[in-house]
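Trainee: Please take me through this model one question at a time. I would like a reason with each answer.

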Amino acid sequence: MKKLLLASAGVVAITGGALANGNGNGNGHGNGGPHHRQTVQDYYAAALAVSIGEVNGNSSTTSGNQANSAELRGSFTGFRGVANLNQNAGANSAQQNAVAISYIEGCDCEVTFPGNGRPSSTAEVNANAVAVNLGQVVGNSSQNRNGTSASATMNGSFDGAQGIAQVNQNAGANSLQQNSTALARVENSRGKEQSRDAWAISLNAGQVTGSGNQSSDHRHDAAAGIFGSFNTFTGVANVNQNAGANSLMQNSSALSSITYCNCAVEDLSTTIAAAGNLGSVTYNSASAHGGTAGVSMANSFNGAQGVAQVSQNAGANSMMQNAVAIGAVYQRTN
């Protein structure tokens with residue numbers, strides 16, 4: 001869990017936050033263990049997270065003042081780490097989260113061993129992370145009539161939290177929501193010749209299409225809201241709120257960072273970050289009469305630091321996407 005927290009906190013180091021050196025084990029200078037007389041050091045860490053889901057050919061009918069709701073209140077306050085949260089009040093819908101974290105904590109910046117001053121020969125470090133979401137919502141039918149309602153609400157949650165938070169809230173039928181985050185981070189390594197390679201890839205591919213989805217609402221109310229949440233949050237936040245039928249919402253973030261100490265004779269560092277969204281909303285049908293659909297946000301994300309991607313949708317047959325890729329190579333100054 002300690003490494004997980006360090007990797008999550010590393011996000012803030014990329015974006016200039018204060019957690020870059022806050023790993024709690026000696027100012028971020030490695031594991032603090034005894035120095036071994038090694039001539040070759042080779043570190044490799046890999047992480048892969050994949051979500052694949054399909055919602056196909058289903059039928060849903062609600063009537064007679066049916067009320068569906070999902071609610072989160074006063075939760076995740078002061079949370080640290082990785083949180084994936086899905087809330088759904090819409091029929092025939094899919095929600096997916098994927099997080100991949102790869103982290104390597106190397107040795108101190110020193111390159112000589114006590115006694116003989118002999119440096120280690122080589123240090124090769126690789127940290128790779130991949131997070132992928134693939135989802136399909138095709139050929140579904142939903143009818144909401146006679147005073148029905150669906151809602152998803154977040155209130156007073158994730159305040160003061162740190163790390164990675166991915167939240168989906170859905171109140172629209174035949175809809176797809178996905179979050180994906182990949183984080184690769186390499187700390188200091190030891191060696192006369194150093195080679196580091198960190199890359200992160202995050203991909204979303206989803207469609208609400210094919211033979212077509214149908215949604216018919218009569219006197220149906222749909223709503224999603226965020227109130228007083230994510231204040232002073234630090235890290236990466238991907239948030240989707242949807243109240244429209246046949247809609248697609250995706251977030252994708254990839255972050256890669258390398259810390260070096262400028263003490264090697266030969267030093268090679270490579271960092272790559274890629275974030276992509278692919279989505280299609282085609283040949284769907286939605287009708288609404290005498291109802292309401294809305295999303296709202298109030299008093300949220302105040303004083304937050306890091307990366308925040310938020311999408312809010314209240315329109316049928318819609319697509320909303322966010323993508324962020326950050327790559328950084330920087331020298332530790334202490």
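**Loops, strands and rings**

Trainee: In which loop is the place of Asn299?

Mentor: Strands (E, at least two residues) and helices (H or I, at least four) are DSSP runs, numbered from the N terminus. This is a predicted model, in which local features need pLDDT of at least 70, side-chain atom pairs count only at pLDDT 80 or more, and totals for chains, interfaces and linings use all residues. Residues are numbered from 1 along each chain as its sequence is written, and side-chain values use heavy atoms, with hydrogens and water left out. On that basis, Asn299 sits in the loop between strand 18 (292-298) and strand 19.

Trainee: Is Asn299 buried or exposed?

Mentor: Buried means under 20% relative accessible area, exposed means over 50%, and partly exposed is in between (1.4 Å probe, protein chains only). The relative accessible area of Asn299 is 61%, so this residue is exposed.

Trainee: Asn174 is also on my list; is that residue buried or exposed?

Mentor: Asn174 belongs to the loop between strand 9 and strand 10 (176-186). Its phi is near 55 degrees, a positive value in a residue other than glycine. With 0% relative accessibility, Asn174 counts as buried.

Trainee: What is the order of the strands in the open sheet?

Mentor: Two strands pair if DSSP finds at least two bridges between them. The open sheet has four strands, and their pairing is parallel. Its edge strands, which pair on one side only, are strand 4 (80-88) and strand 19 (305-313). The order is 4-9-14-19.

Trainee: How many bridges join strand 14 to strand 19?

Mentor: Strands of a sheet pair through backbone hydrogen bonds, either parallel or antiparallel. Strand 14 (residues 234-242) and strand 19 run parallel, with Gln241 opposite Gln312 in strand 19. The number of bridges joining strand 14 to strand 19 is nine.

Trainee: Which residue in strand 9 is the bridge partner of Gln87?

Mentor: Strand 4 and strand 9 pair in the parallel sense over nine bridges. On the other pairing, strand 9 to strand 14, there are nine bridges, and Asn170 stands opposite Asn242 in strand 14. For Gln87, the partner in strand 9 is Gln169.

Trainee: How many residues of strand 9 are buried?

Mentor: Across the protein chain, buried residues make up 51% of the 334 residues. Strand 9 is mostly covered. Of its nine residues, the number buried is eight.

Trainee: What is the angle between the planes of Phe158 and Phe230?

Mentor: Rings of Phe, Tyr and Trp (its six-membered ring) pair if their centres lie within 6.5 Å; planes under 30 degrees apart count as stacked, over 60 as edge-to-face and the rest as tilted. By this rule there are five aromatic pairs. Phe158 and Phe230 are a stacked pair, 4.8 Å centre to centre, and the angle between their planes is 5 degrees.

Trainee: Why does this pair tie together parts that are apart in sequence, and by how many residues?

Mentor: Phe158 lies in the loop between strand 8 (149-155) and strand 9 (162-170), whereas Phe230 lies in the loop between strand 13 (221-227) and strand 14. The pair therefore joins parts whose separation in sequence is 72 residues.

Trainee: Which aromatic pair does Phe230 form with Phe233: stacked or edge-to-face?

Mentor: Phe230 is buried at 0% relative accessibility, and Phe233 is buried at 3%. Both belong to a cluster linked by ring pairs, with Phe76, Phe79, Phe158 and Phe301. Their centres are 5.5 Å apart and their planes meet at 75 degrees, and the pair is edge-to-face.

Trainee: Which element has the lowest mean pLDDT?

Mentor: pLDDT is the predictor's confidence in each residue, from 0 to 100. The protein chain has a mean of 76, and 72% of its residues reach 70 or more. Strand 14 has the highest mean among the elements, 91. The lowest, 47, belongs to helix 1 (residues 2-14).

Trainee: How many contacts does the model have for residues 12-36 beyond four places in sequence?

Mentor: Where pLDDT is low, the predicted coordinates should not be read in detail. Residues 12-36 stay under 50 in pLDDT. Contact means heavy atoms within 4.5 Å. Beyond four places in sequence, the number of contacts for this stretch is 56.
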